[in-house]
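Dear colleague,

Please find below the structure I agreed to pass on to you. My notes on it follow directly after.

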Amino acid sequence: MKYLFMNFILFFFLSSSVFAKCSDSELKILNDVASKVKITYQYNEEYEKLAEPIYGNFSLFITGVTNDIYVYDYNSLTNYFIADAEAGVITIKDIDGGDRKLYIMSNNSNCKGKLINTKNVNVPKFNYFAVSKYCEGIDGKEFVYCDKWYQYDINKANFLKELEIYKAKETTNDNPVDPTPNDNNDTTDNWVKVLLREHYIIFTCVVVLIVILFVYFISKRRRGDL
């Protein structure tokens with residue numbers, strides 16, 4: 001028991017000494033250094049042109065890492081140090097889209113392994129429906145579910161349902177339906193209109209002749225000739 005008690009006291013003393021070394025001033029400096037870490041990403045579009053295309057592949061770029069800090073990639077369970085950088089840039093290749101969490105850790109001897117900051121990176125997700133047979137010949141701007149950067153989740157059943165609705169609308173627009181004739185229209189009126197349109201000169205002459213005759217007989221009657 002005495003041996004165990006002495007070991008506990010020794011462990012407590014050493015642990016307190018280690019944590020006591022990481023001062024507030026050092027933490028402030030580490031926080032300032034960590035705030036300068038920048039993380040960007042780039043889509044590897046050239047992979048789509050390969051004989052066997054690869055879609056949704058990104059590269060991640062980390063800058064601002066120094067000897068006092070390193071980056072722990074939670075998704076790949078990998079540490080990245082300044083020694084991994086080329087021209088000041090750490091490159092993480094061949095990653096998929098989605099949320100990615102990176103921890104900025106202390107590499108300072110007095111605060112070794114202490115979490116300094118957390119970076120959340122939202123890498124765009126690739127919509128694989130866009131490169132499927134269903135989206136062949138369809139503009140992703142017209143039908144968003146065929147846009148390769150459509151960022152919302154949609155399962156295949158809902159996708160096919162929306163695709164069916166879209167194609168039905170397209171068919172309607174391409175082949176407009178002729179207006180349905182009104183069965184209640186008076187066919188007699190239509191026949192008269194057609195007749196007048198085709199023989200309007202004859203009808204005009206007849207009307208003019210009738211008017212002249214009417215005027216002639218009226219004038220004769222007034223003079224008493226009739």
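Cys146 is buried, as its relative accessible area is 6%. Please bear in mind that the model is predicted. Cys146 is bonded to Cys135 in a disulfide, with an S to S distance of 1.9 Å. The two cysteines lie 11 residues apart, both in the loop between β7 and α3. The torsion about their S-S bond is about -85 degrees, so this disulfide is left-handed. Cys135 is likewise buried, with a relative accessible area of 5%.

The count of disulfides comes to two. The other pair is Cys22 and Cys111, whose sulfur atoms are 2.0 Å apart. This pair links distant parts of the chain, 89 residues apart: Cys22 sits in the loop between α1 (2-21) and α2 (24-35), and Cys111 in the loop between β6 (98-106) and β7. With 105 degrees about the S-S bond, the link of Cys22 and Cys111 is right-handed. Cys22 is buried at 14% relative accessible area, and Cys111 is buried at 4%. Taken in sequence order, the bonded cysteines pair 1-2, 3-4.

Turning to the surface, Asp139, Glu142, Asp147 and Glu170 form a negative patch. Of these, Glu142 belongs to the loop between β7 (115-123) and α3 and is exposed, with a relative accessible area of 57%.

Finally, Leu160 lies in helix α3 (residues 156-174) and counts as partly exposed, at 33% relative accessibility. Its C-alpha is 9.7 Å from that of Tyr145, and the two residues are 15 apart in sequence.

With kind regards

Methods: Residues numbered from 1 in each chain as written. Predicted model: local features only at pLDDT ≥ 70, side-chain atom pairs only at ≥ 80, totals over all residues. Heavy atoms only, no water. Helix = DSSP H or I, 4+ residues; strand = E, 2+ residues; numbered from the N terminus. Buried < 20%, exposed > 50% of the residue type's maximum accessible area, 1.4 Å probe, protein only. Patch = residues over 30% accessible without salt bridge, like charges linked within 9 Å, V, L, I, M, F, W, Y side chains within 5 Å. Areas by Shrake-Rupley, 256 points an atom, 1.4 Å probe, with all protein chains shown as cover. Salt bridge = Lys/Arg side-chain N within 4 Å of Asp/Glu carboxyl O. Lys, Arg positive; Asp, Glu negative; His and termini not counted. Charge placed at Lys NZ, Arg CZ, Asp CG, Glu CD. Disulfide = S-S within 2.5 Å.
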